[in-house]
Amino acid sequence: MRGSRITLTTDIEALGTRHRAGDRGTIEEVHAGGHLTVRMDDGRPNFPTEDEVTYEQR
């Protein structure tokens, strides 16, 4: 799952930065409980859960 490309399915605000549904990024870490650390395409981190993203096909 690390390195997988994702698309947010909902708006998320983290660390004072807001990313909107449809924004894309790459998974950097997977945590317990389905929490993810994602490096968004704008270079900023975000922390969605697995139910707030869709995975892109390779």
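**View 1. T37 and H31 meet through their side chains.** In this predicted model, the side chain of T37 makes a polar contact with the side chain of H31, at 2.7 Å. T37 itself sits in strand 5, which covers residues 36–40.

**View 2. Here is the company that T37 keeps.** Leave aside anything up to four places away in sequence, and T37 touches T26, I27, E28, E29, H31, N46 and F47. Is T37 buried or exposed? With a relative accessible area of 10%, T37 is buried, because anything under 20% counts as buried. H31 turns up in this view as one of the residues touched, and H31 is also the polar partner of the T37 side chain.

**View 3. Strand 4 and strand 5 pair up as a hairpin.** The two strands run in the antiparallel sense, and five bridges link them. Look for V30, which stands opposite L36 of strand 5. Between the strands there are five residues. Which residue of this hairpin takes a positive phi? That would be G33, with a phi near 80°.

**View 4. Strand 4 also pairs with strand 1.** Strand 1 spans residues 5–8 and strand 4 spans residues 24–30. This pairing is antiparallel too, over three bridges. R5 stands opposite T26 in strand 4, and T26 is also among the residues that T37 touches. So strand 4 has pairing with strand 1 over three bridges and with strand 5 over five, going by the rule that two strands pair if at least two bridges are found between them.

**View 5. Step back and the whole protein comes into frame.** How many helices and strands does the protein have? The tally is zero helices and seven strands, so the pattern along the sequence reads β-β-β-β-β-β-β. The radius of gyration is 10 Å, close to the 10 Å from the globule rule for 58 residues, so the protein is as compact as a globular protein of that length. Its C-alpha atoms fill a box of roughly 25 × 25 × 20 Å along the principal axes.

**View 6. This one is about the surface and the buried part of the protein.** Of the 58 residues, 33% are buried, and T37 is one of the buried residues. The accessible surface comes to about 3700 Å², and carbon and sulfur atoms account for 44% of that. As for contacts between residues at least 6 apart in sequence, 39% join residues at least 24 apart.

Conventions:
Residues numbered from 1 in each chain as written. Predicted model: local features only at pLDDT ≥ 70, side-chain atom pairs only at ≥ 80, totals over all residues. Heavy atoms only, no water. Helix = DSSP H or I, 4+ residues; strand = E, 2+ residues; numbered from the N terminus. Buried < 20%, exposed > 50% of the residue type's maximum accessible area, 1.4 Å probe, protein only. Polar contact = N/O pair within 3.5 Å; in protein donor to acceptor, adjacent residues only side chain to side chain. Contact = heavy atoms within 4.5 Å. Rg over C-alpha atoms; globule rule 2.2 N^0.38 Å. Areas by Shrake-Rupley, 256 points an atom, 1.4 Å probe, with all protein chains shown as cover.
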